[in-house]
Amino acid sequence: MIRLDGVEKTYRTRRGDVVRAVEDVTLHVAENEFVTLVGPSGCGKSTLLRLVAGLTPATRGAIRVRDTAVREPFPDVGFVFQQPVLLPWRSVLDNVLFSVEMLGQPPRQYRKQAADLLELTGLGGFETKYPRELSGGMQQRVAICRALLPDPSLLLMDEPFGALDAMTREEMSLELLRVWEERRKTILFVTHSIPEAILLADRVVVMTARPGRIARVLTIDLPRPRTMELEFDPRFKAASDEVRSLIFARRGPVS
């Protein structure tokens, strides 16, 4: 589904300095696989999502989605950001429909699909509400529905639950897993939370500090469907310890 081969991204600052965001990243993601990216702040996780989405070009290397080279944005992808970025003057239903409008599709033809997605994510009955009337978790559900409505095969999620409180974050993780089990997509998910990365993923990609490289890719050998009780499973703790050691070993001791 996704192939990154020897991908590098460099930026030039206003002062003319060259910054290497990611370097020599090779990663292959299978169809309908759920892969999480975790690593220190500034290690290039979000940059990788933007590269895969075609929002910014790679400096070096090749990126392919479904055997097609990625050089610009393409329609078969949904993007969910840390903030829901809803339009405050539009109702919940109209915010969800906005994604197909942006693709030039007539929104009327998608009203039932949008309503079905809202029902699936626990927002049935909120179609006519406005963003200001929703909690943070509910707003993020709307953003996920908006990304899913065009039925993309690929979903890119950049810390979508990072701004939520701990309990809502856990609830949203389980909600996302439930939706993914029902409507299988290939998901590339960025997070700073090690437990979240393990709970969600088939594989966890651990990245080094900038320039971001892949330190290790861990296969998560835990049964599905996942529940929060899995955090007490010895395999969960072993995976968590391994990810944590990979991240903090490269940071060095705190003085």
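Here are some worked exercises on a predicted model, each with a step-by-step solution.

**Exercise 1. The four-stranded sheet**

Find the strand order of the open sheet of four strands, and work out why one side of β2 and of β5 is left without a neighbour.

*Solution.*
- Step 1: Read across the sheet. The order is β2-β1-β4-β5, and the pairing is antiparallel.
- Step 2: Look at the edges. β2 (18-29) and β5 (68-69) stand there with a single partner strand each, so each has one side without a neighbour in the sheet.
- Step 3: Turn to the helix. α1 (residues 45-53) packs on this sheet and touches β1 (2-12), β2 and β4. The direction of α1 makes about 115° with that of β1.

**Exercise 2. Bridges, pair by pair**

Go through the paired strands of that sheet: how many bridges join β1 to β2, β1 to β4, and β4 to β5?

*Solution.*
- Step 1: Start with β1 and β2. Eight bridges join these antiparallel strands, and T10 stands opposite R20 in β2. The two strands form a hairpin with five residues between them. In its turn, G16 has a positive phi of about 95°.
- Step 2: Move on to β1 and β4. Their antiparallel pairing has five bridges, with R3 opposite R64 in β4.
- Step 3: Finish with β4 (residues 60-65) and β5, an antiparallel pair with two bridges. R64 turns up again here, with A69 in β5 as its bridge partner.

**Exercise 3. The six-stranded sheet**

Trace the open sheet of six strands: which strands stand at its edges, and which of its strands does α1 lie across?

*Solution.*
- Step 1: Write down the order, β6-β7-β8-β3-β9-β10, and note that the pairing is mixed.
- Step 2: Pick out the edges. β6 (77-80) and β10 (214-219) each have a single partner strand, so one side of each lacks a neighbour in the sheet.
- Step 3: Check the twist. Ignoring direction, neighbouring strands are turned by 15° against each other on average.
- Step 4: Inspect one pair. β9 and β10 are antiparallel and share five bridges, and V205 stands opposite V217 in β10.
- Step 5: Place the helix. α1 lies across β3 (34-38), β6, β7 (154-158), β8 (186-190) and β9, and runs at about 150° to β7.

**Exercise 4. A helix pair**

Describe the packing of α2 and α3: at what angle do the axes cross, and is the crossing left-handed or right-handed?

*Solution.*
- Step 1: Recall that a packed pair of helices is described by the angle and the distance between the axes.
- Step 2: Apply this to α2 (residues 92-102) and α3 (residues 111-120). Their axes come within 10 Å and cross at roughly 115°.
- Step 3: Add the hand: the crossing is right-handed.
- Step 4: List the residues that meet. α2 brings V92, L93, D94, V96 and L97, while α3 brings R111, A114, A115 and L118. By class, the contact has seven nonpolar, no polar and two charged residues.

**Exercise 5. D202 and its surroundings**

Locate D202 and find the side chain with which it makes a polar contact.

*Solution.*
- Step 1: D202 sits in the loop between α6 (194-200) and β9 (203-207).
- Step 2: Its side chain makes a polar contact with that of R224, at 3.0 Å.
- Step 3: Leaving out residues up to four places away in sequence, D202 touches several residues, among them N32, E33, F34 and W180.

**Exercise 6. Two domains**

Give the domain bounds and the separation of the domain centres.

*Solution.*
- Step 1: The domain assignment gives domain 1 (2-76 + 153-249) and domain 2 (85-152).
- Step 2: Taken over C-alpha atoms, the centres are separated by 25 Å.
- Step 3: The contact takes 18 residues from domain 1 and 15 residues from domain 2.

Conventions: Residues are numbered from 1 along each chain as its sequence is written. This is a predicted model: local features need pLDDT of at least 70, side-chain atom pairs count only at pLDDT 80 or more; totals for chains, interfaces and linings use all residues. Side-chain values use heavy atoms; hydrogens and water are left out. Two strands pair if DSSP finds at least two bridges between them. Contact means heavy atoms within 4.5 Å. Axes are lines fitted to C-alpha atoms, for helices over the stretch in contact, and angles run from 0 to 180 degrees between N-to-C directions. A crossing is left-handed if the near helix is turned anticlockwise from the far one by less than a right angle, and right-handed if clockwise. Ala, Val, Leu, Ile, Met, Phe, Trp, Tyr, Cys and Pro count as nonpolar, Asp, Glu, Lys and Arg as charged, and the others, Gly among them, as polar. A polar contact is a pair of N or O atoms within 3.5 Å; within protein, one must be able to donate a hydrogen and the other to accept it, and residues adjacent in sequence count only if both atoms are side-chain atoms. Domain bounds come from an automatic or database domain assignment.
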